[in-house]
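User: Could you take me through this model and say why each label is used? I'd like the value and the cut-off side by side.

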Amino acid sequence: IPQSNLVPGDIVQVQPGVVYTDMVVTESEGLLVDESALTGESNPVAKNVVDPAATANPSTTAIGKKHSILAGTTVLEQENTLAMVVATGSFTSKGELLRDVF
């Protein structure tokens, strides 16, 4: 499925490469993300699985740094990783940054 067709609540298999939606990790055995495009952090960040109860309603799922993959970041390594889309387009963290600038 092209990332442009994703909507909040979709569960996707995470693949290495640039991410275009905000997601929370629901299953993973090893996930490493480069967040330098958003945060300037030079070291890759390991991500953990979110508590399943926290993803019951996608519209209210909070984005926690250690459980999230944000739009504009790059997945470097992953193994058996699933994530739930929580925001797309201008509603992502990157979209909010761009709205604040313009």
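**Labels and their cut-offs**

User: Why is Lys47 called buried?

Analyst: Lys47 has a relative accessible area of 5%. Buried means under 20%, exposed over 50% and partly exposed anything in between, with a 1.4 Å probe and protein chains only, so Lys47 gets the buried label. Before we go on: this is a predicted model, where local features need pLDDT of at least 70 and side-chain atom pairs count only at pLDDT 80 or more, while totals for chains, interfaces and linings use all residues. Residues are numbered from 1 along each chain as its sequence is written, and side-chain values use heavy atoms, leaving out hydrogens and water.

User: How do you know that Lys47 forms a salt bridge with Glu35?

Analyst: By distance: the closest N and O atoms of the two are 2.5 Å apart. The rule wants a side-chain nitrogen of Lys or Arg within 4 Å of a carboxyl oxygen of Asp or Glu, so Lys47 and Glu35 qualify. Lys47 sits in the loop between β5 and β6 (68-69), Glu35 in the loop between β4 and α1 (36-39), 12 residues apart. As for the names, helices (H or I, at least four residues) and strands (E, at least two) are DSSP runs, numbered from the N terminus.

User: What makes Glu35 part of a network of salt bridges?

Analyst: Glu35 also pairs with Lys65, their closest N and O atoms being 2.6 Å apart. That pair ties together parts 30 residues apart in sequence, because Glu35 lies in the loop between β4 and α1 and Lys65 in the loop between β5 and β6. The rule gives 2 salt bridges, and Glu35, Lys47 and Lys65 are linked in a network.

User: Buried or exposed: what are Glu35 and Lys65?

Analyst: Glu35 counts as buried, at 3% relative accessibility. Lys65 counts as exposed, because its value is 53%.

User: How do you know that Lys65 has a polar contact with Ser68?

Analyst: The backbone oxygen of Lys65 lies 3.4 Å from a polar side-chain atom of Ser68. A polar contact is a pair of N or O atoms within 3.5 Å; within protein, one must be able to donate a hydrogen and the other to accept it, and residues adjacent in sequence count only if both atoms are side-chain atoms. So the contact passes on distance. Ser68 lies in strand β6 and is buried, at 2%.

User: Why do β3 and β6 count as paired?

Analyst: Two strands pair if DSSP finds at least two bridges between them, and β3 and β6, which run antiparallel, are joined by 2 bridges. One bridge partnership matches Val24 with Ser68 in β6. The open sheet here has the order β1-β8-β3-β6, with antiparallel pairing; β1 and β6 are its edge strands, each pairing on one side only.

User: What makes β2 and β5 edge strands?

Analyst: Their sheet, also open and antiparallel, has the order β2-β7-β4-β5. β2 (17-18) and β5 (45-46) each have a single partner strand, so one side of each is left without a neighbour in the sheet. Inside the sheet, β4 (residues 30-34) and β7 (residues 74-79) pair over 5 bridges, with Leu32 matched to Glu77. β4 and β5 pair over 2 bridges, with Val33 matched to Val45.

User: Which residues of β4 lie on its covered face?

Analyst: Leu31 and Val33 do, whereas Gly30, Leu32 and Asp34 make up the uncovered face. In a regular strand, side chains alternate between the two faces of the sheet.

User: Why is Met84 called buried?

Analyst: Its relative accessibility is 4%, so Met84 falls in the buried class. Met84 lies in strand β8 (residues 82-88), and its C-alpha atom is separated from that of Gly9, 75 residues away along the chain, by 5.9 Å.
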